[in-house]
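Visitor: I should like a close look at the enclosed space in this model. How many cavities of 30 Å³ or more does the structure hold, and what lines the largest cavity?

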Amino acid sequence: MAEIDKPTREVDVPGDWTYASAPESRDIVHIRDRYGYYVGGEWLEPAETYETIAPRDEEPLAAVGQATAEDVGRAVAAARTAYADGWSSLPGSERAKYLFRIARILQERAREFAVLESLNGGKPIKESRDVDLPLAAAHFFYYAGWADKLEYAFPNRRPRPVGVAGQIIPWNFPLLMLAWKVAPALACGNTVVLKPAETTPLTALLFCDVLRQAELPDGVVNIVTGDGRTGAALVESEDVDKIAFTGSTEVGKAIQRQLAGTGKRLTLELGGKAANIVFDDAALDQAVEGIVNGIYFNQGHVCCAGSRLFVQESIYEPLVAKLERRLTTLRVGDPLDKNTDVGAINSAAQLEKIRELVASGEEEGATIYQPPCVLPEKGYWFAPTVFTNVAQSYRIAQEEIFGPVLSVLTFRTPEEAVEKANNTPYGLSAGVWTEKGSRILWMAQRLRAGVVWANTFNRFDPGSPFGGYKESGFGREGGRHGLEPYLEFEE
Ligand code: NAI
Ligand code: MG
């Protein structure tokens, strides 16, 4: 028998198993060259504009208006007219129909919004597609359900709307923060003037098209763009009844000072420096996933990010080893690539702030670890970072970094964990990892944080109230509690 011929051509087996790129197409979204303000259902031409860019490569995306106090005044007047002309007295069941419509349109156009959110903000498409968009739609669905049940939500308290709400939102979850603000306001019968953050206006501007599609009456939602000056003009505006702000503690404090004595209602959702606490009986691999999600989700641009990791001393070494190994598998890169885990930093200013704080950590004596990764040359990037040997007094353990930077500290007893976790001016969120149910409850009672996650982190649901203690602000968003800031009660 003749020898069987061996195939001469070598089979092409890849030796390298790194992910091939899987870019999401941006053709689905049409970005205009120039945007004005959406006031009374019409587009107002801006006198002055600035360029909004894509943080992944600094590509200019569109010219956007820098609204003046006069422009803001027009938007507030349109909101007042819409309020008086019927929105506030519309039956709740009718308001609900609009909210349901908005929710459904957001679902239908989810891919378009997700691409635009990632392009303008830098967050991975995986997150905008699987978190931001579904949650934004869910908020509208959720508050649509309350619109005709306010009397039942607050029995015997005769709820009525507050009036015109001025809403100022940040750049970390642009569309989701819009949904958190707009949905409860409208459900309760208020009208709105909203200002998105200066670096991420595009999904809010695209949202105006959703309002048009939903045939929401003109002036019920008005959107003005611009930087902090526009925000300040909205806060100052005489005819605004309520301000809802999410952003830095510094600006939150300034707004509170500005509004003192005016009778205007205020809710503030500010910064955080959350403790993520891992006990020695926790499922370590699960905890590592939670730690990674806690601080590298959305590049750490998350007010409730688990930026301080407290590890029980007995498991410190194995946990840190597992964590550092896990970091080497995070894919940092193009936000529009479906395989990307960590996207671009939102702005040059934020990148500068992260760099400055990381340098302070190194100077103060902490040990830095960053996995090997090649960062793109253009755009704003920062490698996932872990600091060990961190003392409580270091700036990286005290200040909100708002970037992909984790500080690891240790503790021995539950009492010590609570004391260290609460040793911060903030109080937005916390995480506890343990197999012991009674310990979870014991910890949750003692942690001064608005949200305490047990064996999970960064989990959100429109039915669950969210908000802070101390310098993290006041007022709750989400759940039945989230209706209260938008209602007056006759008691
Ligand atoms: P920021 O607080 O200045 O911006 C948030 C929003 O407030 C934006 O829409 C901005 O235009 C507006 N704004 C700014 N100055 C204002 C004023 N005087 N009156 C009214 N509105 C004003 O936050 P920034 O400068 O973008 O970020 C600085 C730091 O703040 C971040 O590094 C982070 O630590 C923290 N931050 C926290 C957020 C959170 O979700 N808690 C969100 C954004 C930032
Ligand atoms: Mg600022």
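Guide: A cavity is a set of points, on a 1 Å grid over the protein atoms alone, where a 1.4 Å probe fits but cannot get out. The volume is the space filled by probe spheres set on these points, which are joined across faces, edges and corners. This is a predicted model, in which local features need pLDDT of at least 70 and side-chain atom pairs count only at pLDDT 80 or more, whereas totals for linings use all residues. Residues are numbered from 1 along each chain as its sequence is written, and side-chain values use heavy atoms without hydrogens or water.

Six cavities of 30 Å³ or more are present in the structure, and the largest contains about 100 Å³ of space. Its lining (residues with an atom within 4 Å of a point) consists of 13 residues, with F173, M177, W180, C303 and F460 lying nearest the centre. Two helices (DSSP runs of H or I, at least four residues, numbered from the N terminus) each give two or more residues to this lining, namely α4 (125–146) and α6 (174–187). Helix α6 supplies the largest share, three residues.

In chemical class, 12 of the lining residues are nonpolar, one is charged and none is polar. Here Ala, Val, Leu, Ile, Met, Phe, Trp, Tyr, Cys and Pro count as nonpolar, Asp, Glu, Lys and Arg as charged, and the others, Gly among them, as polar.

As to location, the largest cavity lies between domain 1 (34–270 + 470–488) and domain 2 (275–454), because both give residues to its lining. These domain bounds come from an automatic or database domain assignment.

Technical notes
Chains lettered and ligands numbered in written order. 1 Å grid on protein atoms, 1.4 Å probe; cavity = no way out; pocket = protein on both sides within 12 Å on 5 of 7 lines; lining within 4 Å.
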